[in-house]
Amino acid sequence: MIDPITLGAAVTTATTCYKTFVSMVQAGKELEDCTATLGKWMGAVSDIDNIHKNSHNPSTFDKLFNGSVQEVAMESFAAMKKVQKQREDLKNWLIGHYGLMAYEDLLREEGRIRKARQEAIYAKAEQQKMIRDYTIMGIAALIGFSALGWMIWLISKSCLLYTSPSPRD
């Protein structure tokens, strides 16, 4: 779903979580104390990745109702770059404090979270988007067929008026 509001919320969440994580680390907290913040950050990053992927192939209704597709694509690209910088900083910190294995563990955990979100949240959102799109197409078709039927009825009514025999006095 290409939604600038959702993208903005995900970027804000990711940035807030990242800054919280950095401040916790600078305050001397251990990694175990920061797991909730990292989990929220990973969820927001997953949302940004999903929006960025969907910005490459928007539906017709997203093009019509969610503003400029190019604008959303550029915003999602900028968000991806911001998240890549955060991910690089996090990687360097983890490797520096806990070694390469800790970073690899984090990547596995991020992949697990992303897969779970893909199956649960994004699949449901995609299904709701399809239902919305087909409902709009159905309503548009119903209106079109109704208008066509009404025009045929008017034409047949006018033809009957002109072809009917005139009453004899």
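Student: How much space lies in the second largest pocket?

Tutor: About 180 Å³ of space lies in that pocket. On a 1 Å grid over the protein atoms alone, a pocket is an open set of points where a 1.4 Å probe fits, with protein on both sides within 12 Å along at least five of seven lines. Grid points are joined across faces, edges and corners, and the volume is the space filled by probe spheres set on the points. This is a predicted model, in which local features need pLDDT of at least 70 and side-chain atom pairs count only at pLDDT 80 or more, while totals for chains, interfaces and linings use all residues. Residues are numbered from 1 along each chain as its sequence is written, and side-chain values use heavy atoms, with hydrogens and water left out.

Student: Which secondary structure elements does the protein have?

Tutor: Helices (H or I, at least four residues) and strands (E, at least two) are DSSP runs, numbered from the N terminus. Here there are 5 helices and 0 strands, so that, in keeping with the DSSP definition, the order from the N terminus reads α-α-α-α-α.

Student: Which residues line the second largest pocket, and which helices supply them?

Tutor: A lining residue has an atom within 4 Å of a point. The lining consists of Leu 31, Glu 32, Thr 35, Leu 38, Gly 39, Met 42, Leu 94, Ala 102, Asp 105, Leu 106, Glu 109 and Ile 113. Helix 2 and helix 5 each supply at least two of these residues, and helix 5 gives the largest share, 5 residues.

Student: How many residues of each class are in that lining?

Tutor: Ala, Val, Leu, Ile, Met, Phe, Trp, Tyr, Cys and Pro count as nonpolar, Asp, Glu, Lys and Arg as charged, and the others, Gly among them, as polar. By this scheme the lining has 7 nonpolar, 2 polar and 3 charged residues.

Student: Is Glu 109, in the lining, buried or partly exposed?

Tutor: Buried means under 20% relative accessible area, exposed over 50%, and partly exposed in between, with a 1.4 Å probe and protein chains only. Glu 109, which lies in helix 5 (residues 100–163), counts as partly exposed because its relative accessibility is 32%. Its side chain makes a polar contact with the side chain of Arg 112 at 2.4 Å, the term denoting a pair of N or O atoms within 3.5 Å, where, within protein, one must be able to donate a hydrogen and the other to accept it, and residues adjacent in sequence count only if both atoms are side-chain atoms. Across the chain, the C-alpha atoms of Glu 109 and Gly 39 are separated by 9.2 Å, although the two residues are 70 apart in sequence.

Student: Which residues does Leu 38 contact, leaving aside neighbours within four places in sequence?

Tutor: Contact means heavy atoms within 4.5 Å. Leu 38, found in helix 2, is in contact with Phe 21, Leu 31 and Leu 90 once those neighbours are set aside. Leu 38 counts as buried because its relative accessible area is 8%, and its C-alpha atom is separated by 9.5 Å from that of Leu 106, 68 residues away along the chain.

Student: How many residues of helix 2 are buried?

Tutor: Helix 2 (residues 35–54) is mostly covered, with 14 of its 20 residues buried. Among the residues of helix 2 is Asp 49, which is buried because its relative accessibility is 12%. Not counting residues up to four places away in sequence, Asp 49 touches Met 80, Arg 87 and Arg 114.
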